[in-house]
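User: I want the domain interface explained, term by term. Can you take me through it?

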Number of protein chains: 2
Amino acid sequence: MKVAFIGLGVMGYPMAGHMVAAGHDVTVFNRTAARAEAWVNEYGGRAAQTPRDAASGADCVMVCVGNDDDVRSVVLGESGALAGMSTGSVLVDHTTASAELARELGAAAGESDIAFLDAPVSGGQAGAVNGALTVMVGGAQGDFDRAEPVIAAYAQRTRLIGPVGAGQLTKMVNQVCIAGLLQALSEGVHFAARAGLDEAAVFDVISKGAAQSWQLENRANTMASGEFDFGFAVDWMRKDLGIVLDEARRNGAQLPVTALVDSFYSDVQRAGGNRWDTSSLITRLKEQD
Amino acid sequence: MKVAFIGLGVMGYPMAGHMVAAGHDVTVFNRTAARAEAWVNEYGGRAAQTPRDAASGADCVMVCVGNDDDVRSVVLGESGALAGMSTGSVLVDHTTASAELARELGAAAGESDIAFLDAPVSGGQAGAVNGALTVMVGGAQGDFDRAEPVIAAYAQRTRLIGPVGAGQLTKMVNQVCIAGLLQALSEGVHFAARAGLDEAAVFDVISKGAAQSWQLENRANTMASGEFDFGFAVDWMRKDLGIVLDEARRNGAQLPVTALVDSFYSDVQRAGGNRWDTSSLITRLKEQD
């Protein structure tokens, strides 16, 4: 199938590579052209000069960039992807962005009878490299059915949740669950240290019961030893929590701990932790050790 | 082996039963004598009139009661368990209590050359009934080695973490991790409802990634449907969090979200939720739906 991938960041670069491996005819676009050239050297395929050129003639166009405005800049306007796409093709946005942007793009695509799916991912850089991402999708069932086999090149799980916007809203639920969970784990790890416990033994024994979590199993020991130079960066989490808190103001959801943890992450940023893994929340507490 | 079990509550009643099934010679004591008689009718063994009589001649004496003062009332004093125990026997306290109580009992037992282990459990009533509890132990290795085969009658995992008090401190870490995690999950489930999402689909897709937790897998759907008539009661969680926050005042740990969630649980109590499962934290948020 003829496909395009726009945005070759830490996620998009390997995702687009998996599409080549799956046998698709892939054209890429990246704002920094040198990275697109490196991608072509590594995987084959072609690099286009504009999102419009990349999307021209493609059955399916994937976008994975930074934030709402980045998405608008590569999708809308004269040189945007939509301008190059044909009736009946599908635009899939993998960026974690607002539900409002998803509805805006869905409407813009609809004017040209182009299908749109908002499809944020989870699984991080490792999931992208291993082709094992989880994809949360909003859109129409028929459009989902056409895009899902293409998405499968880099996804382990792809699920349609509801209409356009539902993918972004589901990703927001995911981030809400993670933010407070990481603060709880931070307090647990910090308490264990202050109590003088053998932390590895504690994490092992409590990880089999009601306190169990992916974060406990995968981050407690690195939190205890102060390793944060990996994983999902604090800056990205703050971007996502900003989207969540904006949406909560609109839908009336009460998120007291999510809002508090967002402010705690700003403390981590002030301490220079912009690129640290989200588990670095514990550093705010450790300062007093 | 000759053993005693003191405290036949929802946990102790089935735990003592498993000791009979494991072939031990079990004598029980319970403050409300009728419940001890019911236990004898169900399992065999014997019921004693005082903790001292129950413990007399036992190699291993288990206690599982309500709080610090309840433990003191059955262990210390003229009719307490220690008064009936012999040199070389082992006292095991399964009550979730303070680390200070553990040290106090360890010292009192030591005066008579009786071994002491603090050994709070997790796994809830279901774990007690199924003999699948997790036991977090503080004490000396040699004492642990003698008691562990007896504890195995009702435990799936038993782990020595450190000296006397370490079992209680580990249980505190467990409760800290759970409290904030449940608030995060409450906010996620609440947000999903406000956003109009298909909640079951959302929980399914996010439960495979970084937001995964035992609570998400086992409580998200009942939280969404407002079912709380089961599980670990809010009153018990508040007792445990009181112990945690007292200890944190002593060891200097900073637990901002744990303290906040403790106050949220007081809201749930005020709304009549004393006996609801801890996942009922979400009811504070749902009131505004």
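**The domain interface of chain A**

Analyst: The centres of domain 1 of chain A and domain 2 of chain A, taken over C-alpha atoms, are 29 Å apart. This is a predicted model: local features need pLDDT of at least 70, side-chain atom pairs count only at pLDDT 80 or more, and totals for chains, interfaces and linings use all residues. Residues are numbered from 1 along each chain as its sequence is written, and side-chain values use heavy atoms, with hydrogens and water left out.

User: Where do the domain bounds come from?

Analyst: They come from an automatic or database domain assignment. Domain 1 of chain A spans 2-163 and domain 2 spans 169-286.

User: What makes residues of the two domains count as in contact?

Analyst: Contact means heavy atoms within 4.5 Å. By that rule, 14 residues of domain 1 of chain A touch eleven residues of domain 2 of chain A.

User: What is meant by buried area, and how much is there between domain 1 and domain 2 of chain A?

Analyst: Buried area is the accessible area (1.4 Å probe) that two parts lose on being put together, summed over both. Here it is about 960 Å², with 62% from carbon and sulfur atoms. Thr96(A), Glu100(A) and Met136(A) supply 40% of the area that domain 1 of chain A buries against domain 2 of chain A, more than any other three residues.

User: Why is the pair Glu100(A) and Arg250(A) called a salt bridge?

Analyst: The rule asks for a side-chain nitrogen of Lys or Arg within 4 Å of a carboxyl oxygen of Asp or Glu. The closest N and O atoms of Glu100(A) and Arg250(A) are 3.4 Å apart, so the pair qualifies. Across this interface of domain 1 and domain 2 of chain A, the rule finds one salt bridge.

Notes. Chains are lettered from A and ligands numbered from 1 in the order in which they are written.
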